[in-house]
Amino acid sequence: MLLKLIARRLRAQGQRGSALVAVIGLLGVVMIVSLVIGGTTVHALGYTAATRASVQAEASAEAGVSYQQAQFTAGSCSPAYSTAASATPHYSVAVYYTTAATPSAWVAGCPTAGAGDTYVRTVSTGYASTQAVAGQATGQTRYVEAVYPYIDHSVTLNPTGAAIFAYSSKLFTGSGNLIATGPVYPTVLIKYGSPYSGSSFPSIYSGANQSNITACENGSQIQGNIVVQNGDLLLQNCAVARNVWVENGSLYTSWTEAISGDADVWGTANLLGTTISGSAWSSGPMNFHNGGVVKGNATGNAITLGTDGGASISAATKGGGTYDTPPTVPNWYNFAFNASDWTGLGYTVKTLTASQCTNGWGTTGVSTAYATGSVVIDARACPHGVKLSSGNNDGIALNGNLAIIGTAFDVESGAFTSTSGTPKVWLITPDSTVESPTAPTCTASATGWTADSSSGMTTEQTELANGLTLTPAKKSTANNISLMVYTPCPVNIGGNGGGVSIQGQIFSGSVNVANGSNMTWIPIGLPGANLDTGTSTGGGAASASLIGSTLSVRDLSTAG
């Protein structure tokens, strides 16, 4: 209407050519306005697409961080990972580590156990699934960094633990000896006693509770200390070269040759024909019979000299003494077999299959699997356990350390030999049961096993018997082999009528040392365990987390 009106006026004025100029000018204005509107619209569309792409890229980058955090938490690490370009979300992740005291000086790659690494860093690049519009490509990628403290699960192997730890024990019942060879005296730690099954309980103590007792009898010697945490202790014709502690029970002695140190009892002390070279202390009564002698202070809430004669206290006073603090008796330590604990220490792990067992025993299978160096052989597939001896032609000549994992062990003369060095052998029946408080769980997984009836023990045991000798001959390095036995089941040392001579340590559900067997203490320990305290020092399952709580998460301008 406006154009027609202008045209009529122009015609009325005789200006017909001027109408075209006006129309063209007006069209130009309309076109300019349209271009401005179109450009603004395109720019808005590009900005919207870029914003959406930026959000998508940010979410993808955060997804990459979450993915790698989950991998770390599961104990896994890959130095780089990317999803497919067509995937949603699409991201790529790079891992860095440092040995610095603060999160800095990053090095590309995964941290290494035992290398002193301190922090780990993830840089995730996220990609948008929305394509760029109108050249607005700034939101196509985003970078997110996350930093965590590194948890080093590298395992150490420290020589911790007493000479003998037994959760419950018969202990030395047949002329068994614990021998001291160095300046530190060995110690026997007993958590609980067990029902008495020895030769003859002293008749003078006929009223004693014999259901929870630890016994050392028949000419045995402990050239060190003994601690019984719960239950009674019977020393019958048994010599103790250092100190005796009974923390929650009574002490019964019967013609024991001597206690060369002190005797401290949180209960009643009954001394029959025994000489204590140091002092004696008891929280309850102290009763002397038939020549019982204490050369130091004798302290008890009541001291009785028996009417059967010969008892004496040579100290100037009866009483006034104090007790010595006993060594710590740790809780039971549940030791599970994790191959990574051993490989991290440089061991080669080999696993036997059932077809490699000989009539159900891991005999030639074990001896064949060991070749050279430090080796771990998992023989749990053999249902009867592991039986080794020179008589079966399956003895192993060691030129390195050897750990055997099995359900039960029968190890006899010639099982292990060595002509040089000081190799170590572990016989391990794992106990991975979780309970509180911890206690040994001896499962009935071994079959076809006949226990030595003379030991009074049941099935599923470790037996060292028939003249097994791992200690060196005088002035010789031959057979200079140290042995560590860990099992939640019984250990019988010197069974089947043959005494043994070994050096090392025992951590077991129960122990019996018999037939004149000799054991010399050499601490060996277990990977990742402190057997002095019954606690873990590291290691564990391969799925253990590699990181602690998140220290920081931030956006980056680049992927560097």
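**Exercise 1.** With which residue does Lys387 form a salt bridge, and how far apart are the closest N and O atoms?

Solution. The model is a predicted one.
- Step 1: The partner of Lys387 is Asp410, and the closest N and O atoms are 4.0 Å apart.
- Step 2: Lys387 lies in strand β26 (residues 386-388) and Asp410 in strand β29 (residues 409-411), so the salt bridge ties together parts that are 23 residues apart in sequence.
- Step 3: Buried means under 20% relative accessible area. Asp410 has 8% relative accessibility and therefore counts as buried. Lys387, at 27%, counts as partly exposed.

**Exercise 2.** Determine which residues are joined with Glu145 into one network by salt bridges that share partners.

Solution.
- Step 1: The structure holds four salt bridges. In one of them the side chains of Glu145 and Arg121 meet, at 2.5 Å from N to O.
- Step 2: This pair links distant parts of the chain, with Glu145 in strand β5 (residues 141-149) and Arg121 in strand β4 (residues 119-127), 24 residues apart.
- Step 3: Glu145 also forms a salt bridge with Arg554, where the closest N and O atoms are 2.7 Å apart. Arg554 lies in strand β38 (residues 552-556) and Glu145 in strand β5, so here the parts tied together are 409 residues apart in sequence.
- Step 4: Glu145 and Arg121 are both buried, whereas Arg554 is partly exposed, with a relative accessible area of 48%.
- Step 5: The network consists of Arg121, Glu145 and Arg554.

**Exercise 3.** Classify the ring pair of Tyr167 and Tyr192.

Solution.
- Step 1: A search of the whole structure finds 20 aromatic pairs.
- Step 2: In the pair of Tyr167 and Tyr192, the ring centres are 5.2 Å apart and the planes are at 55°, so the pair is tilted.
- Step 3: Tyr167 lies in strand β6 (residues 164-168) and Tyr192 in strand β9 (residues 187-192), so the pair ties together parts that are 25 residues apart in sequence.
- Step 4: Tyr167 counts as buried at 18% relative accessibility, and Tyr192 as partly exposed at 33%.

**Exercise 4.** Locate nonpolar residues in the cores and on the surface.

Solution.
- Step 1: The largest nonpolar core has 66 residues, and Val244, Phe416 and Leu427 have the most contacts inside it.
- Step 2: A second, separate core has 25 residues, among them Phe335, Trp342, Phe507 and Ala529.
- Step 3: On the surface, Leu26, Val29, Val30, Val33 and Ile37 form a nonpolar patch with about 410 Å² of accessible area together. Ile37 is placed in helix α2 (residues 18-73).

Conventions:
Residues numbered from 1 in each chain as written. Predicted model: local features only at pLDDT ≥ 70, side-chain atom pairs only at ≥ 80, totals over all residues. Heavy atoms only, no water. Patch = residues over 30% accessible without salt bridge, like charges linked within 9 Å, V, L, I, M, F, W, Y side chains within 5 Å. Areas by Shrake-Rupley, 256 points an atom, 1.4 Å probe, with all protein chains shown as cover. Helix = DSSP H or I, 4+ residues; strand = E, 2+ residues; numbered from the N terminus. Core = buried A, V, L, I, M, F, W, Y, C linked by side-chain atoms within 4.5 Å. Buried < 20%, exposed > 50% of the residue type's maximum accessible area, 1.4 Å probe, protein only. Phe/Tyr/Trp six-rings, centres within 6.5 Å; stacked < 30°, edge-to-face > 60°.
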